[in-house]
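Trainee: Got a minute to go through this model with me? I'd like to start with the cavities.
Mentor: Sure, put it up.

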Amino acid sequence: MKPLLAAFLLLAAGCTGRIGATAEGDFTPPPSPTGPGPSDPGNPPPGSTGDPNAAGLMPLRRLTIREYDNTVRDLLGDMSAPALQFPDDRDETFAFRRAHPIAVQDATLIRSAAESLAAAAVKNIGALLPCDPAAGEQDCAGKFVSDFGLRAFRRPLTSEESARLMALYASGRNTLKLGFADAIGLVIEGMLQAPAFLYHWEAPAAAPIHEGAVVRLGHYEIASRLSYFLWGSMPDRELFAAAAAGQLGTAAEVEGQARRLLGDPRARDTVASFFEEWLAVDMLDEKAAKDPKVYPEYNDALKAAMTAETRAFVDNVVFDGDGRWATLLGASFSFLNQALGGVYGMPQVTGSDLRRTDLDRTQRAGFLTEPSFLALTGAADGSHPVRRGKAIYEKLLCRELPPPPANVPPAKPASAGGSTRDRFTEHDTNECARGCHTLIDPLGFAFENYDGIGKYRTMDNGKMVDASGEVTLDGTTRTFANAIELTTLLGASAEARRCFATQWVRYALARQETAADAASLDTAAAGFSTDASSVRDLMVAVATMRSFRYRSPSPGEAP
Amino acid sequence: MIIRTGENRFSRRALLRRLGASAALLPLLHAERARAATATGFPKRLITIAWSNGVAQPNFYPPADDPTQSDILSPLAPWKSKVLLPCGLDIQVMLDDKRTYDGHFSFPSLFTGTYKNIGGQNGAATGPSLDQVVSDAVAKQVNLPVPLLNALVTGRPTSAGVGGQKNTGETDPVRLYNTLFASRTMPSPQLDQLRLRRQSVLDYVNQELTSFSATLGTDDRIKVAAHLDSIRKLELELTATASPAACTATSPGPAPDYQTRMKVFSDLVAMAVRCDVSRAVSLVWADDGGSGPATMPFLGFNDAANGLGEVHAIAHQGAAAYVQKTSIDKWYMTQLAYLAKALDDSMEAGGTILDHTVIVMGNDMSEGSFHSVNAIPFVLVGGAGGALRTGRTVKLGKWNTTGQYWKAGNTGIPHNRLLASLAQAMDVPGDGFGDPRYTGSLTELK
């Protein structure tokens with residue numbers, strides 16, 4: 001009973017010949033881009049040691065839940081968000097959302113979504129039809145397939161693809177005895193389950209464009225990469241037009257479109273979603289259960305407000321403010337409602353809507369001192385220096401911990417006496433625990449002024465809080481008295497800024513970086529290299545980097 | 001009766017050919033279909049259950065042959081003649097990869113007997129799980145409406161497909177009910193039209209996936225092959241008929257909390273088995289990461305100040321919180337007893353449904369303060385129609401009775417052998433399961 005992988009592969013690859021072998025003449029490729037090829041590696045900064053012509057792999061990914069719902073909204077005008085029914089698309093090996101391969105349960109739910117979306121579309125089919133069926137139903141169906149198909153598949157259809165969709169239309173009319181509109185609905189139902197819709201692979205069956213050792217992405221592929229990165233959705237009319245005109249070939253052309261896309265409200269949702277996924281503050285429900293006796297106020301409404309606060313804060317800084325790293329980590333304002341006011345000790349804040357509120361700058365500084373982050377990384381009944389330190393170490397500094405040793409006894413409970421810090425410090429002197437915890441706990445101790453849901457405190461278990469410590473940043477060891485000083489140090493650190501840029505690269509590529517991405521990482525980091533750099537500049541730099549516009553050929557890929 | 005052999009898979013064209021393209025014939029065809037009886041006259045069923053955080057080991061293992069004679073296992077006492085307790089099984093495939101203490105990451109290995117590290121402590125399966133293998137074997141004999149019932153009360157799936165890819169589990173009881181029993185409520189002509197429509201679309205999707213895959217690299221083709229495999233399974237499900245077995249199915253009510261979810265999913269599984277909608281079931285009762293269920297307030301643990309708020313924290317305390325851990329472990333055995341009873345209350349030819357079933361419940365680790373993947377607690381209920389000799393405690397390998405064995409080292413018996421024995425008990429031949437390094441089965445269980 002060994003894995004039948006080999007047979008599996010044969011099955012998948014062997015059923016038909018390569019499409020490209022017969023289809024090449026049928027597909028009209030977009031006009032060749034003029035100029036830049038290998039000489040347009042993006043813009044790695046001076047001093048970058050990475051190969052400017054290299055680019056990492058582009059593994060096949062399918063639409064995440066967010067992308068699916070956004071796409072059907074923009075494609076069909078359907079706001080029902082059916083993908084919320086899909087299985088969770090978190091990937092435990094990766095910080096950001098990444099949908100798993102399609103198992104039976106996924107295929108069943110994708111089918112249900114397609115059926116309900118198509119049924120809803122049929123009710124107002126006129127809005128989607130490019131023609132009047134009264135003038136010829138067959139012709140109108142054909143025109144629908146090519147026009148709507150381009151938007152659904154995010155690139156022009158091959159003649160084979162059109163023929164298969166017309167065959168589906170015909171089986172709707174002839175076998176299922178459907179009327180015109182319902183048969184179009186059947187076609188939509190099929191398209192929404194087709195790989196060209198579900199997967200990020202907007203290359204039609206033409207040979208890949210090899211340039212040296214890498215493959216240059218086509219204009220339609222770039223259009224979708226841009227829109228999914230910056231909007232989490234399909235390209236708009238203008239992006240499709242640029243792709244059709246072959247105007248997404250150079251870094252400058254991509255930059256122009258990226259800046260345009262950043263002016264759209266959909267980009268705001270992307271920035272908020274990035275922070276939500278990166279800090280995992282949308283997981284309060286699953287990952288941050290609290291003891292109701294210790295935190296009776298920690299209910300669904302408060303959890304939702306915590307996540308919404310962080311979204312509103314980063315949205316404000318990035319799009320309505322200066323977008324700077326130091327501001328994200330140092331601002332002494334946030335967006336509170338009454339429930340959050342309770343956590344912040346600000347009873348004067350009332351109402352359920354979030355509103356901008358100035359905070360005590362000796363107690364709060366940026367997103368790391370917001371309750372969402374502090375509750376997520378807190379324990380059920382108090383603070384948790386290990387979880388908090390680990391988050392700073394891995395998420396903010398991109399450092400990697402050695403694997404944990406075996407059989408570490410847990411830190412003592414509060415009833416054993418002593419502050420949280422005392423008990424965890426004792427735990428860390430345990431020989432086998434020392435390896436990891438001396439790296440992360442000092443960073444976590446900085447947040448000892450905040451309890452398990454982020455309330456500010458000066459006393460812990462009857463003792464004065466000691467939140468002081470030291471951290472090595474940019475090669476220099478610095479001391480801090482508390483979280484406010486630590487976040488200030490992080491806000492001024494080039495190392496932390498570079499890590500943040502790396503996180504955006506991972507988000508944009510939906511994978512970890514590899515050696516082939518070295519120059520691309522430098523390009524991204526250069527977009528965020530000074531105190532005055534804005535997150536928006538960083539996002540543009542990511543969109544223009546080499547690994548965003550080129551890819552390595554996949555092993556086993558047809559040449 | 002639909003007997004499926006080899007590559008003779010169902011297609012829309014085949015259906016239409018058989019029908020003479022006349023939908024009017026469909027109900028007739030349905031009426032002609034009957035259950036396929038197995039050689040032994042009754043269908044066998046497999047139910048795998050995963051739970052987590054280890055057990056309070058000293059309170060788990062019985063001193064003698066009665067497999068329910070321990071505090072934790074006592075809720076199973078009324079069924080003690082149908083319980084089989086294999087003691088001393090290691091997840092050898094993880095031990096050999098030096099993943100001794102990665103108990104929180106063992107679900108991919110628990111019912112597949114395979115392991116591959118995919119970064120950090122994360123592991124993945126490289127082959128199919130027992131439930132998948134059994135459901136595929138059953139599907140060659142009979143076309144059931146839901147060949148593999150895969151449900152998660154909480155946590156991540158243990159079920160894995162042919163290449164080891166995770167089989168996403170159902171998390172919504174109402175949706176699961178509709179999947180299992182919808183065909184019983186829809187009028188036949190409407191159901192036939194829906195099936196034809198879905199068949200047209202699946203046929204189209206099948207073609208698209210096949211041509212899409214052709215241009216991709218090896219790794220990406222594997223992902224598309226998994227997708228294609230899922231589409232083919234949906235095609236097969238379309239051709240299954242509702243069972244004529246006399247059974248009642250009632251829609252589950254709301255399940256707002258963990259306790260209710262546990263009950264509702266057990267009820268659905270029992271219904272599905274009773275109605276012969278499914279013969280292979282994968283259930284996950286608790287998350288292997290330790291976070292679900294996070295708390296069990298219904299057991300009265302509210303002493304957060306002593307680290308007794310979170311279920312995972314209780315497990316972490318080891319011996320210091322065995323009192324609390326034991327009541328958690330015992331509660332899970334009460335749940336197992338509930339499911340066993342539901343199956344034992346239903347008679348069919350030759351015995352109760354439970355007699356023709358094997359439930360195998362496995363934990364992700366040995367003990368909560370230790371996190372090791374040796375000495376894994378497994379509990380079997382039901383003898384798969386006499387294939388397993390139940391009513392016994394079976395001490396395997398270097399197992400001893402001190403109740404401290406999980407600290408003493410490995411037993412040397414890979415749990416692959418249990419999986420192989422269970423596959424054999426389900427009439428799937430083979431002399432090993434999962435990673436080919438671990439051959440053999442447990443003749444002691446027969």
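Trainee: How much space lies in the largest cavity?
Mentor: About 440 Å³ in this predicted model. A cavity here is a set of points on a 1 Å grid over the protein atoms alone, where a 1.4 Å probe fits but cannot get out. Grid points are joined across faces, edges and corners, and the volume is the space filled by probe spheres set on the points.

Trainee: Which residues are closest to its centre?
Mentor: A:Glu67, A:His200, A:Tyr507, A:Ala508 and A:Ala510, out of 26 that line the largest cavity. A lining residue has an atom within 4 Å of a point.

Trainee: And which elements give two or more residues to that lining?
Mentor: In chain A, α3 (65–76), α9 (219–230) and α22 (494–509). The largest share, 5 residues, comes from α9(A). Helices are DSSP runs of H or I, at least four residues; strands are runs of E, at least two; both are numbered from the N terminus.

Trainee: How do the lining residues divide into nonpolar, polar and charged?
Mentor: 13 nonpolar, 3 polar and 10 charged. Ala, Val, Leu, Ile, Met, Phe, Trp, Tyr, Cys and Pro count as nonpolar, Asp, Glu, Lys and Arg as charged, and the others, Gly among them, as polar.

Trainee: How many cavities of 30 Å³ or more are there in the whole structure?
Mentor: The search finds 11.

Trainee: Switching to strands. What is the order in the open sheet of 3 strands?
Mentor: β1-β2-β9 in chain A, with antiparallel pairing. β1 (209–211) and β9 (550–551) of chain A are at the edges with a single partner strand each, so one side of each has no neighbour in the sheet. Strands pair if DSSP finds at least two bridges between them. β1(A) and β2 (214–216) of chain A have 3. In β2(A), A:Val214 is the bridge partner of A:Glu211.

Trainee: How many bridges join β7 to β8 in chain A?
Mentor: 5, between residues 469–473 and 476–480, running antiparallel. A:Thr472 stands opposite A:Thr477 of β8(A). The two strands form a hairpin with 2 residues between them, and A:Asp474 in the turn has a positive phi of about 50°.

Trainee: What about salt bridges, how many over all chains?
Mentor: 57. The test is a side-chain nitrogen of Lys or Arg within 4 Å of a carboxyl oxygen of Asp or Glu. One of them is A:Arg259 with A:Asp537, at 3.8 Å, N to O. That pair links α11 (251–262) to α24 (535–544) of chain A, 278 residues apart.

Trainee: Where does pLDDT stay under 50 in chain A?
Mentor: Residues 1–39, with 68 contacts (heavy atoms within 4.5 Å) beyond four places in sequence. pLDDT is the predictor's confidence in each residue, from 0 to 100. Where it is low, the predicted coordinates should not be read in detail. The mean for chain A is 88. For chain B the mean is 85.

Trainee: Any ground rules?
Mentor: Residues are numbered from 1 along each chain as written, and chains are lettered from A and ligands numbered from 1 in written order. Local features need pLDDT of at least 70, side-chain atom pairs count only at 80 or more, totals for chains, interfaces and linings use all residues, and side-chain values use heavy atoms, without hydrogens and water.

Technical notes:
On a 1 Å grid over the protein atoms alone, a cavity is a set of points where a 1.4 Å probe fits but cannot get out, and a pocket is an open set with protein on both sides within 12 Å along at least five of seven lines; lining residues have an atom within 4 Å of a point.
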